[in-house]
Amino acid sequence: MIPDKVYLFGDSVARGIILNEEGSYTPIKESFASLAAQRLGVRVINKARFGCTITKGLRILRNFVSGERSPQTGRNSDDGVAILEFGGNDCDFLWDQVAANPESPHLPLTPLNIFHKAYGEMIDGLRSKGLQVAIMSLPPLVADRYLAWITRKGLDREAILRWLGGAEKIFTWHEGYDKAVRQIAAQKRCLLLDIRKDFLTQRDYREFMCQDGIHPNRAGHRLIETSLEGYASS
């Protein structure tokens, strides 16, 4: 059954931010959330934010549920659904520090143990408000584009590669957070909205990603919207 309203928490992907042709980040009207809302006839309350990690998302959720616009659902649990989309920023590093000290250890913005804990707290908080919770998998990263993007302003590419052990490690590290999302969905018995597979089953998923290698482009948002429609109709 399609819910009356959907609360969306996440980062710039959920917010509908893309990298435009001028190399600037900009929101688009044809984001997957807007497209799905129109096609399915639901109201989307979009609380996603650019650069948001799961810990920031948890703070946004706590402020939201304690305010006047706290999620309210009726007796029917199909009245409200929350969709969570996190991980792309959590797995990122402070690349300037990595480039400056490639022989030193570096932690991601959100280590995996904290990622698991905060994600679980977010799910529990939403369920306490009577909402069903669904979790989105991560769209796949394009490693060479992302490496070019983070070094575009002069960071030492070779130092970063030396620390990584190869450009492909960017993909596998990012993939590790997608695996964590899947584990959380299984442990918490949440519906997994597996948009990642719909990218990876394309002839060339790179065609659906921006030049920064991390944000879906307009075609990518249409692909996500189609994926979500499939889950809504199943």
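This tour moves from the whole chain to its nonpolar cores, and then to one helix and a few single residues.

The model is a predicted one, in which local features need pLDDT of at least 70 and side-chain atom pairs count only at pLDDT 80 or more, while totals for chains, interfaces and linings use all residues. Residues are numbered from 1 along each chain as its sequence is written, and side-chain values use heavy atoms, with hydrogens and water left out.

**The whole chain**

Select the protein chain and colour it by secondary structure: ten helices and seven strands appear, where helices (H or I, at least four residues) and strands (E, at least two) are DSSP runs numbered from the N terminus. Along the principal axes, the C-alpha atoms fill a box of roughly 55 × 35 × 30 Å. The radius of gyration of the protein chain is 18 Å, which agrees with the value near 17 Å for a compact globule of 234 residues; this radius is taken over C-alpha atoms, and the globule rule is 2.2 Å times the number of residues to the power 0.38.

Of the 234 residues, 51% count as buried, a term that means under 20% relative accessible area, with exposed meaning over 50% and partly exposed in between (1.4 Å probe, protein chains only). Among contacts (heavy atoms within 4.5 Å) between residues at least 6 apart in sequence, 79% join residues at least 24 apart.

**The nonpolar cores**

Next select F9, L84, F86, F115, Y119, M122 and L126, which have the most contacts inside the largest nonpolar core, a set of 28 residues. Such a core consists of buried Ala, Val, Leu, Ile, Met, Phe, Trp, Tyr and Cys residues joined through side-chain atoms within 4.5 Å. The elements that give two or more residues to this core are β1 (5-10), α3 (54-66), β5 (80-85), α5 (112-127), β6 (132-136) and α8 (168-188), and α5 gives the most, with six residues. Apart from this core lies another, of 23 residues, among them A14, F32, V42 and V81.

Now centre the view on F9, whose contacts, leaving aside residues up to four places away in sequence, include K47, A48, I60, L61, F64, M122 and L126.

**Helix α6**

Move on to helix α6, residues 143-150, which is largely enclosed by the rest of the structure because six of its eight residues are buried. Those buried residues are A143, R145, Y146, L147, W149 and I150. Show their surroundings, and you will find them packing against β2 (17-19), β3 (25-27), α4 (95-100), α7 (157-164) and α8.

**Helix α8 and the loop after it**

Within helix α8, select K169, which is partly exposed, with a relative accessible area of 38%. If you also select P105, 64 residues away from K169 along the chain, the C-alpha atoms of the two are separated by 15 Å.

Is D178, also in helix α8, buried or exposed? At 3% relative accessibility, D178 counts as buried, and, not counting residues up to four places away in sequence, D178 touches S137, L138 and R196.

End at R189, in the loop between α8 and β7 (191-193). At 77% relative accessibility, R189 counts as exposed, and R189 has a positive phi of about 55° although it is not a glycine.
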